[in-house]
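Here is a friendly walk through one protein model, written for someone who thinks at the bench. Have the sequence and the 3D view open as you read.

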Amino acid sequence: MTAAPQPARESALQELIDELPAGTVADHPATLQNYRQDWAHDPDAGTPLAVVRANSASDVQATVRWAARHRIPIVPRGAGTGLSGGFTAVDGGIVLSMEKMTDIVIDTATRTAVVEPGAINAEVKRAAAAHGLWYPPDPSSFEMCSIGGNLATNAGGLCCVKYGVTTDYVLGMDVVLADGTLVSLGGQRIKDTAGLSLVKLFVGSEGLLGIITKAILRLLPAQPPAATFVASFPDVESAANAVVAIGATQRPSMMELMDNYSINACEDLFQAGLDREAGALLIGQSDAPGAARRLEIEEMQRACDLAGAKESFCTDDPAEGEMFLHARRQAFQALEKRGTLLFEDVGVPIPQLPALIVGIEGISAAHGVEIAVVAHAGDGNTHPLVVHDGGDPESVRRARLAFDEVMALALSLGGTITGEHGVGRLKKGALPDQLGPDVLALTQRIKDALDPDGILNPGAVL
Ligand SMILES: Cc1cc2nc3c(=O)[nH]c(=O)nc-3n(C[C@H](O)[C@H](O)[C@H](O)COP(=O)(O)OP(=O)(O)OC[C@H]3O[C@@H](n4cnc5c(N)ncnc54)[C@H](O)[C@@H]3O)c2cc1C
C-alpha cells in the first residue's frame, strides 16, 4: 500500500468526523494511547490517527470507504485481549473499535443468537442461558473478549476438547469488505452448501479480509452438570501420558494441565488450595448424562493412576469444580506477576503431547529462561509462557530464542505454531515454516483479491 502522507491524513480526518455521528471519532492523545496494543504488548505498536467507535454497520462502511479513498490503514479491534499482537495499531491508521455494537438477539425457534461483534462472549452465554440454551466456545478470557474478536481469531478455550472451537458455531455473518461493500454470508440454517464456504474463510481471518459486523451463532441445549476430577503428578511428562491414555478411550468435556510453576504462581495470587508440591495437575471434567458421568470420571482417574498420579480427587459439586477451573483461567494473570510473558500457543497431535512437554523443559534449560506450561491438554493445545525480564535486552533475546524454538519443536512433531490465539504479529515469522511456499502464496493471493490496496490490518499475519 502507498499510504497517504500524515498531513493529508489529518486533513482527511475532518471529512470522516463530519460524516459519522457526533462523538464516534476520537483523536485525543490519551485515547490514542489506550488503543495501541492488545495483551501481547507489541513494543513496535504505532500510534493511530484516530479511534472510530462504530455504532452500526453503516458507520463501519462509511469508515472503510473513507479509508479506501485515502489509502489509510484500518485495524479492527474487539476488546483488545488478543495474545498474538493481532490488534496492534499502525502509525497514522484508524483503530476501528466495535465496542459499542453489542446487541444480542436469541432466537429459540432456530436455536441461534444474532450478535453484534462488540458483544462480550460471557454476555452471549448469559443471554442464551436465560432461554435454557448454551453458547459453548469458552476462551479463558470469556468475561472480557468480544464475539467479533472470537470469530476473527477462531477462538478456542476449555470445552473445545469435546465441543469444538468458534468456527463450529458460526452459521453466518455480515462482513464489510475493503471497498465498503457489506455482504451477508450464511444464515439461520444448520445446513447450507450453496457456493464456496465463505463463512469458514472469514472465521480466523484476523481482520485481514473484512470487518465482521454481525454474527449468527449456533446454540445448544444447556450443558448437563459436569463432574470434576483433579489429579496431581510428580512431573509434567506423566500428566501428559495420562492425557494421551484418556484421549484414546474417553471423551472428557474438559482436560486442562498446569505445571508446578503455574500452580505456584496461582497459589501466590489467590489461595485455591492447589498442591504446591505437584509437578503437574490435570483438571478434567465429564458432562456425560446420568450414571455415565461418574463412570467416565472413574475411567479417567484410573488412567491417571496408571500414568503415575500421586493422588486424585473428584467432585459432583459444580461450585467446587469451578474453584479449580477459576485457578486455571487466572493462570495468565498470575504468571504476569512473575515477569514479562511471551505467550506461546502451540498445538500437536495428542500422542505427541509428552514429547512436546519434555522438549519444552529442554529448551527452558538450554536458554536459562523459565517456561511455565498451562495447556488445554485434551486437544493438544499448550501455552508455554516464556517468563522473562522485559527490561533486560539479554533476557528478551534468550526468551525470543526459546519462543522460536518451541514453535520449531511443535512443527517437528506435526503440530501448529498456534492452536487458538492466531498469528498476529508475534508469530508471523514462523508462519512460512508451517505453511510452506505454495500455501503461503495462496494465502497472499486471497488477501490481495479481497484487499488489493492492503488497508486492512497491515503488518498482521503475512
Ligand atoms: C487472560 C486471557 C486468557 C485467554 N484465554 C484464551 C483461550 O482460552 N482461548 C483463546 O482462543 N484465546 C484466549 N485468549 C486470547 C483472546 O482473548 C482471544 O484471542 C479473543 O478471541 C480476542 O478477542 P478480542 O475481542 O479481545 O479481540 P482483539 O484482541 O480486539 O482482536 C483480535 C483480532 O481480531 C481482529 N478483530 C477484532 N474484531 C474484529 C471484527 N469485528 N472484524 C474483523 N476482525 C476483528 C483484530 O484485528 C485482531 O486481529 C486469552 C486472553 C487473555 C488476556
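What follows covers the two domains, the salt bridges and one helix.

This is a predicted model, in which local features need pLDDT of at least 70 and side-chain atom pairs count only at pLDDT 80 or more, while totals for chains, interfaces and linings use all residues. Residues are numbered from 1 along each chain as its sequence is written, and side-chain values use heavy atoms, with hydrogens and water left out.

**Two domains**

The domain assignment gives domain 1 (104–221) and domain 2 (227–412); such bounds come from an automatic or database assignment. Their centres, taken over C-alpha atoms, are separated by 28 Å. In contact (heavy atoms within 4.5 Å) are 11 residues of domain 1 and 15 residues of domain 2. Together the domains bury about 1100 Å², with 55% of it on carbon and sulfur atoms. Leu158, Val161 and Lys162 supply 61% of the area that domain 1 buries against domain 2, more than any other three residues. Buried area here is the accessible area (1.4 Å probe) that two parts lose on being put together, summed over both.

Between the two domains the count is 1 salt bridge, a term for a side-chain nitrogen of Lys or Arg within 4 Å of a carboxyl oxygen of Asp or Glu.

**Salt bridges**

By this rule the model has 21 salt bridges. Some of them are listed here.

| Pair | Closest N to O |
|---|---|
| Lys162 and Asp287 | 2.7 Å |
| Arg71 and Asp453 | 3.5 Å |
| Arg189 and Asp192 | 2.7 Å |
| Glu394 and Arg398 | 3.3 Å |

The Arg71 and Asp453 pair links distant parts of the chain, 382 residues apart: Arg71 is in the loop between α3 (57–70) and β3 (74–77), and Asp453 in the segment after α15 (431–450). Helices (H or I, at least four residues) and strands (E, at least two) are DSSP runs, numbered from the N terminus. Glu394 and Arg398 both lie in helix α14 (residues 393–412), 4 residues apart, about one turn of the helix. Salt bridges also link Glu15, Glu19 and Arg69 in a network.

**Helix α11**

Helix α11 (residues 318–329) has 12 residues, so at 1.5 Å a residue it should span 16 Å, and its end C-alpha atoms are indeed 16 Å apart. The expected span is 1.5 Å times one less than the number of residues. Within α11, Gly321, Phe324, Leu325, Ala327, Arg328 and Arg329 are buried, meaning under 20% relative accessible area (1.4 Å probe, protein chains only).

Terms used:
Buried means under 20% relative accessible area, exposed over 50%, partly exposed in between (1.4 Å probe, protein chains only).
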